[in-house]
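Welcome, and please open your viewer. We will go from stop to stop, selecting a few residues each time and looking at what is there.

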Amino acid sequence: MKRIVVVLALVFVLGGASPAALCGQDPLPSVVVLPTVVVLSTGGTIASTRAQREEGYAASLSGEQLVAAVPGLDRVALVEVQNVANVGSTNMTPALWLEVSRRAGEALARPEVAGVLVTHGTDTMEETAYFLDLTVSGEKPVVLVGAMRAASEPDADGPRNLLDAARVAVSEEAKGKGALVVLNGEIHAAREVTKTHALAVESFDTPEFGALGVVNVDAVRFYRAPLRRQTVELPPDVVLPTVDIIPNYAGSDGRLIRGLLKEGPVDGLVVEAAGAGNIATPLFHAVREAREAGVAVVITSRTHGGRVLPLYAGGGGGTTLHELGCVFADNLSAQKARVLLMAALTRTRDPEELRRLFER
Ligand code: SIN
């Protein structure tokens with residue numbers, strides 16, 4: 001049953017005259033309809049508790065419990081909760097990404113819904129955020145939010161982050177900026193944000209370009225917008241292709257790739273190369289075998305900043321990888337490149353088409 005809740009509030013016009021006052025009458029109560037925000041709850045530290053110090057934290061709280069612990073949330077939005085999962089984010093899966101994306105799309109299609117909040121563990125939040133950025137279309141925001149201190153801690157940061165995220169989700173300025181990550185009073189773009197600290201409350205950053213904006217007590221304020229965004233439309237009932245990440249390090253010998261090719265299935269590989277996109281020669285030979293077997297290969301850098309380019313010669317230099325049909329991933333991290341490759345491979349395997357998607 002559709003539920004429409006109307007909140008009556010007396011609105012006092014500060015510093016201006018209402019039409020009623022201009023007519024010499026007392027102001028009438030105004031009707032304020034709060035926007036609806038749909039919370040998709042998936043677990044993480046924000047939902048975690050531990051009863052005793054010796055025990056480990058475990059995701060245990062429902063979305064309804066998370067929402068109930070946020071003073072003032074009821075003045076920001078009408079909140080609807082859907083419990084999607086209750087896992088640590090290291091156990092998020094491509095199947096769960098698809099489920100969250102489907103539910104977010106359905107919620108945002110409802111006219112009364114201003115935005116979607118996804119409560120999520122911080123460890124892999126940037127991967128889910130980028131998947132949602134790529135697969136949820138439209139102008140309304142999808143805001144991912146988590147916490148670094150568990151809900152059972154006296155100084156838990158979850159409630160404040162959740163309130164901030166809800167304020168971003170209903171903000172006009174958040175429209176058209178895709179999936180956003182809100183923690184610690186900062187707003188970050190899904191494509192660029194990364195977790196940069198294992199423990200600190202200020203754990204999220206956009207190292208190359210900085211946050212998009214801030215959430216202060218008086219306002220949600222954006223200072224810039226993400227320009228490199230795209231939507232990849234997924235076929236209905238899609239199963240995402242298998243893509244693995246291969247690191248390059250001194251002495252990389254290609255055994256990891258050969259093992260994957262033997263075990264299968266492998267649809268794509270993301271190679272986390274060194275510097276501008278170069279790998280060890282023995283690893284290059286294994287990449288060539290993968291390409292000969294029809295596997296899509298994407299090159300990223302372990303430097304966490306700057307674009308990868310085909311610059312260097314010699315077996316494993318960027319130019320030789322380019323000749324093999326490897327795709328260079330601009331400045332995407334290996335994890336984000338994997339997300340884009342998984343989505344892209346549902347549409348094409350052609351290296352030139354893949355290159356176009358990675359250049360957008
Ligand atoms: C997790 O990612 O589920 C655990 C860590 C966190 O949420 O901060």
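A crossing of two helices is called right-handed if the near helix is turned clockwise from the far one by less than a right angle, and left-handed if it is turned anticlockwise. Keep that in mind for the second stop. One more thing before we start: what you have on screen is a predicted model.

**Stop 1: the whole chain**

Show the chain as a cartoon. Its secondary structure comes to 10 helices and 18 strands. Along the principal axes, the C-alpha trace spans about 85 × 50 × 35 Å. Of the 360 residues, 49% count as buried. Now think about contacts between residues with a separation of 6 or more: 72% of these join residues 24 or more positions apart.

**Stop 2: two helices that pack together**

Select residues 125-135, which form helix α4, and residues 334-345, which form helix α9. Their axes are 9 Å apart, and the helices pack at an angle of about 35°. Which hand does the crossing of α4 and α9 have, left or right? Turn the model so that one helix lies in front of the other and try the rule from above: the crossing is right-handed.

Next, show the side chains where the helices meet. On the α4 side, pick Glu 126, Glu 127, Tyr 130, Phe 131 and Leu 134. Their partners in α9 are Gln 335, Lys 336, Arg 338, Val 339, Leu 340 and Ala 343. Coloured by class, this contact has 6 nonpolar, 4 charged and 1 polar residue.

**Stop 3: a buried valine**

Select Val 181, in strand β9 (residues 179-183). Is Val 181 buried or exposed? Val 181 counts as buried because its relative accessibility is 0%, and the cut-off for buried is under 20%.

Now show what surrounds this valine. Beyond its neighbours within four places in sequence, Val 181 is in contact with Met 125, Ala 129, Leu 144, Glu 186, Ile 187, His 188, Val 193 and Phe 204. You can also try the distance tool: from C-alpha to C-alpha, Val 181 and Val 215 are 12 Å apart in space, and they are 34 residues apart in sequence.

**Stop 4: the largest pocket**

Switch on the surface and look for the largest pocket, with about 430 Å³ of space. It is lined by 24 residues, and the closest to its centre are Glu 192, Thr 194, His 304, Asn 331 and Ser 333, so select those five. Two elements give two or more residues to the lining: β17 (296-301) and α9. The largest share, 3 residues, comes from α9, the helix you selected at the second stop. By class, the pocket lining has 11 polar, 7 charged and 6 nonpolar residues.

**Stop 5: closed spaces inside**

Rolling a probe the size of a water molecule over the atoms shows where empty space is left. How many cavities of 30 Å³ or more are there? The count is 3.

The largest cavity has a volume of about 50 Å³. To find it, select Leu 132, Asp 133, Val 136, Gly 138, Lys 140, Val 142, Gly 178, Ala 179 and Arg 229, which line it. This lining has 4 nonpolar, 3 charged and 2 polar residues.

The second largest cavity holds about 40 Å³. Its lining residues include Ile 246, Pro 247, Tyr 249 and Leu 283. Strand β15 (243-247) and helix α6 (255-263) each supply at least two residues of this lining.

**Stop 6: details of the backbone**

Follow the chain past α6 into the loop that leads to β16 (268-273), where you will find Pro 265. The peptide bond from Gly 264 to Pro 265 is cis, with omega near -10°.

Then select Asn 184, in the loop between β9 and β10 (186-189). Its phi is near 55°, a positive value in a residue other than glycine. Asn 184 counts as partly exposed because its relative accessible area is 35%.

Finish at Asp 237, in the loop between β14 (220-222) and β15. Asp 237 also has a positive phi, about 55°, although it is not a glycine. Is Asp 237 buried or exposed? With 80% relative accessibility, Asp 237 counts as exposed.

Definitions and conventions
Residues numbered from 1 in each chain as written. Predicted model: local features only at pLDDT ≥ 70, side-chain atom pairs only at ≥ 80, totals over all residues. Heavy atoms only, no water. 1 Å grid on protein atoms, 1.4 Å probe; cavity = no way out; pocket = protein on both sides within 12 Å on 5 of 7 lines; lining within 4 Å. Points joined across faces, edges and corners; volume = space filled by probe spheres on them. Nonpolar A, V, L, I, M, F, W, Y, C, P; charged D, E, K, R; others polar. Helix = DSSP H or I, 4+ residues; strand = E, 2+ residues; numbered from the N terminus. Axes fitted to C-alpha atoms, helices over the stretch in contact; angles between N-to-C directions. Contact = heavy atoms within 4.5 Å. Buried < 20%, exposed > 50% of the residue type's maximum accessible area, 1.4 Å probe, protein only.
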